[in-house]
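Student: I would like to learn how to read a structural model feature by feature, with the general idea before each particular case. Could we go through one together?

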Amino acid sequence: MSGDRDRARGQPKGIELDDAGSSEPLMEAASGLPDMSRPFTVLGIETSCDDTAVAIVRSDGTILGEAIAKQDDIHEEWGGVVPGLARDAHAAALASVIDEAVAAAGMDSVADVDAIGVTVGPGLEICLRVGCDAAVAEAQRHQKPFVRVHHLEAHCLLARQAALSSGEEPVDFPFLCLLVSGGHCQLLLCRGVGRFEVIGSTLDDALGEAYDKVARLLGLGVGGGGGPALEALALEGRPGAVTFPVPMARRKDAHFSFAGLKTAVRMRVQAMEDDDSDANVTRADIAAAFQDAAVSHLEQRLAFALERCDDILGWTPPSEPGGLEESDEEQRSVAADKCAPAEADAANEEKSESATAPEPAPRYLVVSGGVAANQVVRSRIGDLCASRGVRMVTPPPRLCTDNGVMVAWAAIERLRAGCSHCAEGTEVRARWPLGRALRLETAGGKDRGPAVDLASAAATQEGEGVADS
Ligand code: KG4
Ligand code: ZN
């Protein structure tokens, strides 16, 4: 939820320059593995912000039981998530939410699941601790394999469960992921479990945060986020009655910026309130114009990133020269060897096949995070993908916002890769970047002109739109 949510996620403002961070590396099975000869079940717990969510998911993607306690009413009057209130609400609700999920799965107790996963970051530290402590206690009490889950990795990987459970073609690695939530706006290359590269980040606000702030400016209730209310209001707006400039339209990179757009909205709302403008303009017109500019911005960044992915991921059709640069290739096989031998083999097979294969590899764009529930976002990005031969995959809208299924599924992915953690002494991580930064401007081996420096990008972007104030 707006800046509060950004802080809640422990994410610093501006672009992530740290390229040393990575999601949890795949490690040994420190607390054992479930019997993999048959489908196994995982209980997932999510308490990183303002949703107490639990689910039990089977390794074939079937959701056996889910429960969630939302805190919208608690935070509504404060206009944002209040950490202490959120923690207390998690603590009050968690046991019964676990019971509800267990009962929905037709199980008698947590003892009936095969493993336990829990979000340990990034997020509000005192909230994460509630879920983490409960998960550790359950894992120890029932002697179950335990998995620490990265919240953003869970948002990204959920598309693989969604494809599996709906009987669609599986979403194989690598894929491009647009993660648009209340605390994050990132374009990621997902090369495998625990293997992410950040190719675009927001220079200021996350998209969900911008939706929340604009919803407040328009006097809408924000509860657990203003996005749904703003989307509904925008439906009543007249297309073109108001327009806002698309942020960074001239910039050739995959970064995002929403602060200037938000300021433009604020000024328009102010003008309307001062009766300084066209009396016909409504709040709905402004909502529609904001959404249109924001989604156009997503489309432009994605168009750039998809083009680059053709080079970086070997997505280039066979008639065109391309493929991985040596350095990238080396890095990919080193990372694969280190993290997951099976994946390394698969990567090498894929590489040798790509030299002779007549068909290009499938190209996937996963769209995830709370804003991916938005129908305009889904349909316009879907159209963009269709026009470029890219398959868009999004979880069903209710699973785009925070939920227990994504946590259980991320744990399943790690267990399948042979990884579990020791429950004892588990720490939560308020800040936890996902993956290292990759400069798209120079990646892929083609001369793309001068690389954009990420720090100066943040400094100069104000000149290209309406400056935030
Ligand atoms: O993924 P999420 O539940 O929590 C975080 O990880 O941050 O995302 C919540 C964000 C909020 O900012 C909320 O306003 C936004 O997602 N959101 C939407 C919609 N549904 C949720 N934004 C636009 N349209 C929606 N339908
Ligand atoms: Zn989230």
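Tutor: Gladly, and please keep in mind from the start that this is a predicted model. Let us begin with a hairpin: strands S1 and S2 form one, with 4 residues between them.

Student: How do the two strands of that hairpin run, and how many bridges join S1 to S2?

Tutor: Strand S1, residues 41-46, runs antiparallel to S2, and the two are joined by 6 bridges. To place yourself in the ladder, take Gly-44, whose bridge partner in S2 is Ala-55.

Student: Which strand do the bridges on from S2 lead to?

Tutor: They lead to strand S3, residues 63-70, which is antiparallel to S2 and joined to it by 7 bridges. Within that pairing, Ala-53 stands opposite Ile-68 of S3. S2 and S3 also make a hairpin with 4 residues between the strands, and there Gly-61 adopts a positive phi near 95°.

Student: Is S2 mostly covered or mostly open, and how many of its residues are buried?

Tutor: Strand S2, which spans residues 51-58, is mostly covered, since 7 of its 8 residues are buried.

Student: Let us turn to the other sheet. What is the strand order in the open sheet of 6 strands?

Tutor: The order is S10-S9-S6-S7-S8-S11, and the pairing is mixed. S10 and strand S11 (436-437) stand at the edges with a single partner strand each, so each has one side without a neighbour in the sheet. Inside this order, strand S6 (residues 175-180) pairs with strand S7 (residues 185-192) in the antiparallel sense over 6 bridges, and Val-180 stands opposite Cys-185 in S7.

Student: With a metal site, I would look for the donor atoms and then for the angles. Which residues coordinate the zinc ion (ligand 2)?

Tutor: The zinc ion (ligand 2) is coordinated by His-151 through NE2, His-155 through NE2 and Asp-402 through OD, at 2.0 to 2.1 Å. Along the chain these donors follow the spacing H-x3-H-x246-D. The site therefore links distant parts of the chain, for His-155 lies in helix H5 (residues 151-165) and Asp-402 in the loop between strand S10 (391-393) and helix H13 (404-416), 247 residues apart. His-155 and Asp-402 are both buried.

Student: Why is the arrangement around the zinc ion (ligand 2) called irregular?

Tutor: The general idea is that four tetrahedral donors ideally make angles of 109.5 degrees at a metal. Here the 4 donor atoms around the zinc ion (ligand 2) subtend angles of 96 to 135°, which makes the arrangement irregular.

Student: What should I look for in the backbone geometry?

Tutor: Most peptide bonds are trans, and most residues other than glycine have a negative phi, so departures from either pattern are useful places to look. A cis peptide bond joins Gly-121 and Pro-122, with omega about -15°, and Pro-122 sits in the loop between strand S4 (115-121) and helix H4 (125-142). A cis peptide bond also joins Phe-173 and Pro-174, with omega about -5°, and Pro-174 is found in the loop between H5 and S6.

Student: And where do Gln-143 and Met-248 lie, and what are their phi values?

Tutor: Gln-143, which is not a glycine, has a positive phi of about 55° and is found in the loop between H4 and strand S5 (146-150). Met-248, also a residue other than glycine, has a positive phi near 50° and lies in the loop between helix H7 (227-234) and helix H8 (259-273).

Student: Are Gln-143 and Met-248 buried or exposed?

Tutor: Gln-143 counts as exposed at 67% relative accessibility, whereas Met-248 counts as buried at 1%.

Student: Finally, which residues make the nonpolar surface patch?

Tutor: Ile-74, Trp-78 and Leu-85 make a nonpolar surface patch of about 290 Å². Trp-78 lies in the loop between helix H2 (72-76) and helix H3 (83-104) and is exposed, with a relative accessible area of 55%. Ile-74 belongs to helix H2 and counts as partly exposed at 34% relative accessibility. From C-alpha to C-alpha, Ile-74 and Asp-50 are 9.5 Å apart in space, while in sequence they are 24 residues apart.

Notes. Residues are numbered from 1 along each chain as its sequence is written. Chains are lettered from A and ligands numbered from 1 in the order in which they are written. This is a predicted model: local features need pLDDT of at least 70, side-chain atom pairs count only at pLDDT 80 or more; totals for chains, interfaces and linings use all residues. Side-chain values use heavy atoms; hydrogens and water are left out. Buried means under 20% relative accessible area, exposed over 50%, partly exposed in between (1.4 Å probe, protein chains only). Two strands pair if DSSP finds at least two bridges between them. Donors are N, O and S atoms within 2.8 Å of the metal (3.2 Å for Na, K and Ca); water is not among the atoms, so sites may look incomplete. Four donors count as tetrahedral if all angles lie between 85 and 135 degrees; four count as square planar and six as octahedral if opposite donors are over 155 degrees apart and all others between 65 and 115; anything else is irregular. Patches are made of residues with over 30% relative accessible area and no salt bridge: like charges are joined within 9 Å, nonpolar side chains (Val, Leu, Ile, Met, Phe, Trp, Tyr) within 5 Å. Accessible areas come from the Shrake-Rupley method with a 1.4 Å probe; for residues, only the protein chains shown count as cover. A salt bridge is a side-chain nitrogen of Lys or Arg within 4 Å of a carboxyl oxygen of Asp or Glu.
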